[in-house]
Number of protein chains: 2
Amino acid sequence: MGSQEAASVADMMTALGERARASAHALGLASTDAKNRALAAAAAALRARGAQIVEANARDMDAAAKAGVTKANLDRLMLDARRVESMATGVDDIAALPDPVGRVLATFERPNGLKIERVATPLGVIGVIYESRPNVTADAGALCLKAGNAAILRGGSDSFHSSTIIHQCLVEGLRAANLPEAAIQLVPTRDRAAVGEMLKGLGGNLDVIVPRGGKSLVARVQEEARVPVFAHLEGIVHVYVDAAADLDMARAIVRNAKLRRTGVCGAAETLLVDRAVERTHLAPLVKLLLDEGCEVRGDAAVRGVDPRVAAAHDADWSTEYLDAVISAKVVDGLDAAMDHIERYGSHHTDCIVTQDSGRAERFLREVDSAIVLHNASTQFADGGEFGFGAEIGIATGRMHARGPVGLEQLTSFKYRVRGAGQVRP
Amino acid sequence: MGSQEAASVADMMTALGERARASAHALGLASTDAKNRALAAAAAALRARGAQIVEANARDMDAAAKAGVTKANLDRLMLDARRVESMATGVDDIAALPDPVGRVLATFERPNGLKIERVATPLGVIGVIYESRPNVTADAGALCLKAGNAAILRGGSDSFHSSTIIHQCLVEGLRAANLPEAAIQLVPTRDRAAVGEMLKGLGGNLDVIVPRGGKSLVARVQEEARVPVFAHLEGIVHVYVDAAADLDMARAIVRNAKLRRTGVCGAAETLLVDRAVERTHLAPLVKLLLDEGCEVRGDAAVRGVDPRVAAAHDADWSTEYLDAVISAKVVDGLDAAMDHIERYGSHHTDCIVTQDSGRAERFLREVDSAIVLHNASTQFADGGEFGFGAEIGIATGRMHARGPVGLEQLTSFKYRVRGAGQVRP
């Protein structure tokens, strides 16, 4: 790429950022009704232009197949009538969620009579950088809009044609509700320099970036972004089966946590079993996993229960398999389990299975992960399952958003103070 | 500075970061009682070593006087017995505040019986970079500790001797409560390279930076920091006197907002008066300010009411005087006032004086500042006045903390999920 093209991408992205910022104020003040009308009209447009979307997607699929994209990624990229309908339904669902803007988060009255309210406001401009799934265009655009934020969407180059038409449907929605069209912008180039510009923050016109995609995308964004990032790099998720675990419950939770879906961030990657129940609980759990086709990589104790168990190497304890593979280890009680999680975990989601409420409470208190569970599957790590209605991702950072990032986490706040002429002594 | 020295500062700061992170876990789990005992013991140590602190401060003052430090900065640097006592009282006051860690921020139960709690946790490691006032050492260290965070304090080089002894008192407190000494660390060098290392984030061992000092310090930190920053660059604070303002109330608020203390960030810098009350309200307000020794820089309308008014230039509308100077302008009603604030303001604190509740509510809703006030002085922009007990600063960013940053804003959260064996369908 020549320096002239680089300059033109930089200029284009600057202009995108400025348009987003200019629209953010009006968007932040938009009524719930206007935002919902825009979402309903966008959903209608997605349905009306379904055939066109599928046709554009076919062009993306052809190009991707020729470029040798993996089968898994082709499936992520693919849109058919059913998937378009599911996208439209998703937008309708977001319209049905309560408006997070304007919520009164706290109220207090001071001895001098000042009445102070903390009220939710939008964050401003949200950048979303994603990979092959074109449905993120609709999903992320709708979530940002409902929370009163302007969105700058940078889809995968694979899904360029699909995302372009989906984006047009969102703009139709904005237009129908008289909201600024720049409220949801799609980066109109496949040039990768655009991502670099977003990471630099578009001259102060980008308030947060949400990367949605594989580990290498997230790692790059976390490393290079000059603005806050809502994301998790990986989910090294643990299930600890305590001495006081009910074996049947442990079976159900371990099976579900590992195998319900292996490719999600809340899928368990490591099983820890208390040495106190090595004789009773270890073999049934390990054999269950093996029998269901899961590869088990274990320490010496785990290898002792079944010849099918492979040896775990040190790297296994910090590997997110996202596949039907699990590492397993016998530990000396709760403290050893928590030490292991602190050392190898990713502060995403961790679970204890036990009937001992004292140890359960210690685990819930002491394990420093965004989500800690007692006697429930780690696959509940999901905004929908938390009742957030939808999520834009799961964050493991400690700032602002942590765990599932739903509409509420896409807002900030301000203080409103009502007085009767008070001055400060 | 040679590259060897640079390397040694970098190594030292890395070690500081690692020690902070290593202590943060224990600190996050420390009981309220232990934290309060540490604070009480630190306050006692400050009192016991008061003479030593004043003596060390005298050395700092001598060096600063020789270096030609301004009188205002010398006053900021100075500690006497009264100021040491006020520092100790400040630490006692922080001990008396409720513990922000472990607060249950939200609870919800899902249809499947999962009980989910959002619980406050510490942020982790907080870096504080400050200038001459050595009392920040005690104040910031105590606030970070109470919120369960490890602190890395980088004081001004002017106050090196004073801060070193104050820090020793804090460490005595930690020791008395069996808390890790690395919970509050003072950067043990005046080398400015240490600040650069903090801005780079100490290899992931710094979660947030709070700069406390002048505009150039804050600007550098905001520009260069690779970690989140809680700060405001400036407070371009407006008082808008609406058509329906009570003149006596406007007088009291304008006088207090501008002149109670002119050097604080909540001091008013611009007076906007609705053209509808130009004849009745403008002259009394302008003359009041002039009579109290405040310089007024105005547009043509304002200049018309008194020959002492100087001409306002465009730069005046975006200048934070922090002095007995105010810019003043007549505007065409509420919308023009809000446009002016949006264009020239700094999203810090803005006020409307009016008896018209409709316009007051519009102002409170539409002005996008951390603090918006109706009929009250802007000098209430302060954590203590908000009832937060203490503040580490005021933030104008939209992420995580906004407005006064008190103990609650120095925490993050996590989700605790309690189940009875639930697995995800």
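Helices (H or I, at least four residues) and strands (E, at least two) are DSSP runs, numbered from the N terminus. Helix H8 of chain A is followed by A:Gly201, whose phi is positive, near 100°. Inside H8(A), residues 193-200, the buried ones are A:Ala194, A:Val195, A:Glu197, A:Met198 and A:Leu199. Here a residue is buried if 20 or more other C-beta atoms, placed from the backbone, lie within 10 Å of its own.

A word on the model: it is predicted, so local features need pLDDT of at least 70 and side-chain atom pairs count only at pLDDT 80 or more, while totals for chains, interfaces and linings use all residues. Residues are numbered from 1 along each chain as its sequence is written, and chains are lettered from A and ligands numbered from 1 in the order in which they are written.

**Two copies**

Let's see how the chains relate. A turn of 180° with a shift of 0.0 Å along the axis lays chain A on chain B with an RMSD of 0.0 Å, after least-squares superposition on the C-alpha atoms of residues with pLDDT of at least 70 in both. That is the relation of a two-fold axis. In chain A, the C-alpha of A:His400 is nearest the axis, 2.1 Å from it.

**Where they meet**

Chain A and chain B each give 53 residues to the contact, where two residues are in contact if their C-beta atoms, placed from the backbone, lie within 7 Å. Strand E16(A) supplies the largest share of the side of chain A that touches chain B, 11 residues. On that side, 24 residues are nonpolar, 16 polar and 13 charged; Ala, Val, Leu, Ile, Met, Phe, Trp, Tyr, Cys and Pro count as nonpolar, Asp, Glu, Lys and Arg as charged, and the others, Gly among them, as polar.

**A shared sheet**

An open sheet of 10 strands with mixed pairing includes strands of both chains, among them E13(A) and E16(B). Strands E10 (310-311) of chain A and E1 (104-109) of chain B stand at its edges, each with a single partner strand, so one side of each is left without a neighbour in the sheet. Two strands pair if DSSP finds at least two bridges between them. Here are two parallel pairs:

| Strand | Partner | Bridges |
|---|---|---|
| E16(A) | E13(B), residues 371-376 | five bridges |
| E9(A), residues 295-298 | E11(A), residues 325-331 | four bridges |

In the pairing with E13(B), A:Tyr415 stands opposite B:Ile371. Likewise, A:Val296 stands opposite A:Ile326 in E11(A).

Notes
Buried ≥ 20, exposed ≤ 12 C-beta atoms within 10 Å, placed from the backbone.
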